[in-house]
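Please take a look at the sequence and the 3D structure shown here. Then let us walk through some of its residues, one region at a time.

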Amino acid sequence: MVDGLLKYKLAHPSVNNPDLLAAEQDTACRSVNGSDSATDGDMDTAYGLLLADRQWGSSGTYNYKQIAVRNINAIKTSLINPDTNLLLMGDWSGPDDSRKYYGSRSSDWMADHFRAFRRATGDSAWDTIRTKHQDLIALLQSKYAASTGLLPDFVQDTNSTVKPAVGKMLEEEATDGKYWYNACRDPWRIGADAAVTGDGKSLAAARKLNTWIKGKTGGDPNRIAVGYQLNGTQIGSGSDAAFVAPFAVAATTDSGSQAWLDALWNKMLTTPIDTNTYFGASIQLQVMITVSGNHWIP
């Protein structure tokens, strides 16, 4: 299975950097919509290859470690803004469009991935990159979401006074600056580093999110909304695993939240998998891997 996924990756290189993955394919497996990369896809691909190397070694059909390092170096070259040391949204983003070039997507800010990249390459730049992102999380939580810890889908002006995106950054004018279908992954992404490493910055960020959502819902996962303003005001109705599941990872960072964690776990167990979309289902699966103690940093 891993080799099949890797074969697919290698067959669909980004037009901008062949060591990155073209983010979108049609039903005929042809790369479409620019045939360029999306940052979170390459972050996870490189991390997955490092996991494969640790699990099975790299002496089989594919040299996982070698391909991973090429992928990581391509991320540094094409997906890190050299002015800010922050992640770009894709390898299509350049200084010709300064708004997007100095924009970033909060769900890409994966400290555990940066740690793995540092270990795999020996490149200390990844320490600097990780710290920049962790400090940005703390700044945004303090300045824009002091009572909630919520982050926006996108930020702007990372080269000056960073703030939640105003208007459309990449997807939707109404929600790009709010906690929506990108930022909903943040409690998982931040919480994973906190849970596995005990890093103080990641712990502080994850615990702020956990404390708020537990209080907001009164400990009832069924009350987790689909989307919030950064001040905690609900903006969507219904329930979606993409918003519910990630908070379980944040809950693991607080020893006083066992009952809340249990409630979230039970909610995931009893929620039917939505076969119409990969998004919520894939997030929930990865969350369950982490919460069950099976997430580790290669």
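Is arginine 118 buried, partly exposed or exposed? With a relative accessible area of 28%, arginine 118 counts as partly exposed. Buried means under 20% relative accessible area, exposed means over 50%, and partly exposed lies in between (1.4 Å probe, protein chains only).

A word on the source: this is a predicted model, in which local features need pLDDT of at least 70 and side-chain atom pairs count only at pLDDT 80 or more, while totals for chains, interfaces and linings use all residues. Residues are numbered from 1 along each chain as its sequence is written, and side-chain values use heavy atoms, with hydrogens and water left out.

**Around arginine 118**

Arginine 118 sits in helix H5. Helices here are DSSP runs of H or I with at least four residues, strands are runs of E with at least two, and both are numbered from the N terminus. Leaving aside neighbours within four places in sequence, arginine 118 is in contact with Asp123, Ser124, Trp126 and Asp127; contact means heavy atoms within 4.5 Å. Arginine 130 is twelve residues away from arginine 118 in sequence, and their C-alpha atoms are 9.5 Å apart in space.

**Arginine 189 in its helix**

Now move to helix H7, which covers residues 186-197 and includes arginine 189. Arginine 189 counts as buried because its relative accessibility is 7%. Beyond its neighbours within four places in sequence, arginine 189 is in contact with Asp44, Ser107, Met110 and His113. With aspartate 44, the side chain of arginine 189 makes a polar contact of 2.8 Å. A polar contact is a pair of N or O atoms within 3.5 Å; within protein, one must be able to donate a hydrogen and the other to accept it, and residues adjacent in sequence count only if both atoms are side-chain atoms.

**A cavity and a pocket**

Some space inside a protein is closed off, and some is open. On a 1 Å grid over the protein atoms alone, a cavity is a set of points where a 1.4 Å probe fits but cannot get out, whereas a pocket is an open set with protein on both sides within 12 Å along at least five of seven lines; lining residues have an atom within 4 Å of a point. Grid points are joined across faces, edges and corners, and a volume is the space filled by probe spheres set on the points.

How many cavities of 30 Å³ or more are there? The count comes to one. The largest cavity holds about 90 Å³ of space. Its lining has 13 residues, and Ala111, Gln134, Ile137, Ile190 and Ser202 lie nearest the centre. Helices H5 (111-121), H6 (125-144), H7 and H8 (200-217) each supply at least two residues of this lining, and H6 gives the most, with four residues.

The second largest pocket has a volume of about 200 Å³. It is lined by 14 residues, with Asp240, Ala241, Thr271, Pro272 and Asp274 nearest its centre. H12 provides the largest share of this lining, three residues.

The table sorts both linings by class. Ala, Val, Leu, Ile, Met, Phe, Trp, Tyr, Cys and Pro count as nonpolar, Asp, Glu, Lys and Arg as charged, and the others, Gly among them, as polar.

| Lining | Nonpolar | Polar | Charged |
|---|---|---|---|
| Largest cavity | seven residues | three residues | three residues |
| Second largest pocket | six residues | five residues | three residues |

**Aspartate 240 at the pocket**

Aspartate 240, one of the residues nearest the centre of the second largest pocket, is placed in the loop between H8 and helix H9 (241-244). Aspartate 240 is partly exposed, because its relative accessibility is 22%. Not counting residues up to four places away in sequence, aspartate 240 touches Tyr181, Val226 and Gly280. The side chains of aspartate 240 and tyrosine 181 share a polar contact of 2.8 Å. The side chain of aspartate 240 also reaches the backbone nitrogen of alanine 242, at 2.9 Å.

**Two loop residues with positive phi**

Which loop holds asparagine 33? Asparagine 33 is in the loop between helix H1 (2-11) and helix H2 (39-56), and serine 35 is also placed between H1 and H2. Asparagine 33 has a positive phi of about 55° although it is not a glycine, and the phi of serine 35 is near 55°. Asparagine 33 is exposed, with a relative accessible area of 57%, whereas serine 35 is buried at 15%.
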